[in-house]
Amino acid sequence: MVNAEMYDRGFARLTRHTVAPLLARSHGARRLLDVGCGSGVVTEAALALGAEVTAVDADPAMAELTARRFPGAAVLRAALPGLPFGDGAFDAVAGNFLINHVPDTAASLRELRRVLRPGGTLALSWWKAGEMTATAVLSDAMDAAGLAPAAPPRPFAADADPERFAALLAAAGFAGAEVESVRWRHRVDLDTWWTDVVGAGGVRFGTIARQPPAVTGRVRAHYERLAAPYARDGFPVCAHIAHAHHP
């Protein structure tokens with residue numbers, strides 16, 4: 001289980017950068033689904049736009065935190081590719097860095113189309129491989145310290161190319177698929193970033209905190225060396241954002 005409070009202080013700050021472009025085409029949507037809501041950064045923004053928000057997450061701590069922070073939203077536990085909603089239940093669906101975690105991209109896209117009404121909009125974001133420096137410094141520090149990765153490569157890696165993903169959207173029945181790239185620098189105190197990301201737990205970096213102190217210390221020393229060049233200007237990162245609609 002993820003420490004939702006530390007995730008919100010750390011990684012969620014990074015994911016906030018894509019919320020505005022993610023929701024750019026859902027303005028005016030009455031019923032919006034925030035799928036894979038995490039600590040609620042999309043839910044917060046969608047509520048501010050006047051939407052009726054339903055938020056789901058597979059992690060109970062994330063769902064509980066979002067429900068507590070945003071009582072105006074309906075929050076429940078659920079995960080793709082099976083959602084507990086009827087056909088056409090929503091005017092818009094937004095998933096901020098969710099699609100890169102699902103076990104079956106194609107099945108998940110078909111499910112998202114099912115819960116969208118005709119004319120409804122879909123927006124999904126995912127990280128661009130090779131340009132996610134903010135977490136690469138942690139992964140590379142683990143490698144340098146001889147700490148094996150805690151999780152195997154994700155199935156989504158084969159679908160992450162924008163052209164491939166647009167083709168999957170079309171195959172799932174969506175129309176007008178477009179993918180844009182968004183780049184920015186994530187400016188954060190390096191000690192705080194280490195504390196919050198490692199402390200949040202999770203499959204990838206939670207293993208660092210579970211090591212003997214000597215191993216954790218080696219990983220941190222490599223992290224500090226690798227992260228130092230980004231202390232002033234921040235970590236350069238890039239995300240893809242896909243928009244499509246249910247015809």
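Buried means under 20% relative accessible area. The model worked on here is predicted.

**Exercise 1. Strand E7**

Task: Decide whether strand E7 is mostly covered or exposed, then find its partner strands.

Solution:
- Step 1. Take residues 235-245, the span of E7. Nine of these 11 residues are buried, so by the under 20% cut-off the strand is mostly covered.
- Step 2. Look for bridges to E5, residues 116-132. Eight join E5 to E7, and the two run antiparallel. Ala-123 of the chain faces His-243 in E7.
- Step 3. Turn to E6, residues 175-186. Here 10 bridges lead to E7, again antiparallel. Ala-175 has His-245 of E7 as its bridge partner.

**Exercise 2. The nonpolar cores**

Task: Which residues of the largest nonpolar core touch the most other members?

Solution:
- Step 1. The core holds 44 residues. Leu-14, Leu-138, Trp-193, Ile-208, Tyr-223 and Phe-235 touch the most other members.
- Step 2. Follow Leu-138. Beyond neighbours within four places in sequence, Leu-138 contacts Trp-193, Trp-194, Val-197, Val-198, Phe-205, Ile-208 and Tyr-223.
- Step 3. Check for another core. One of 28 residues lies apart from the largest; Leu-80, Leu-116, Leu-169 and Ala-242 are among its members.

**Exercise 3. Helix H4**

Task: What do the buried residues of H4 pack against?

Solution:
- Step 1. Within H4, residues 41-48, pick out Val-41, Val-42, Thr-43 and Ala-46 as buried.
- Step 2. List the helices they pack against: H2 (11-15), H3 (19-22) and H5 (60-69).
- Step 3. Add the strands: E1 (31-35), E2 (52-57) and E4 (90-96).
- Step 4. Move just past H4. Gly-50 has a positive phi of about 95°.

Note on methods. Residues numbered from 1 in each chain as written. Predicted model: local features only at pLDDT ≥ 70, side-chain atom pairs only at ≥ 80, totals over all residues. Heavy atoms only, no water. Core = buried A, V, L, I, M, F, W, Y, C linked by side-chain atoms within 4.5 Å. Buried < 20%, exposed > 50% of the residue type's maximum accessible area, 1.4 Å probe, protein only. Contact = heavy atoms within 4.5 Å. Helix = DSSP H or I, 4+ residues; strand = E, 2+ residues; numbered from the N terminus. Pairing = 2+ DSSP bridges.
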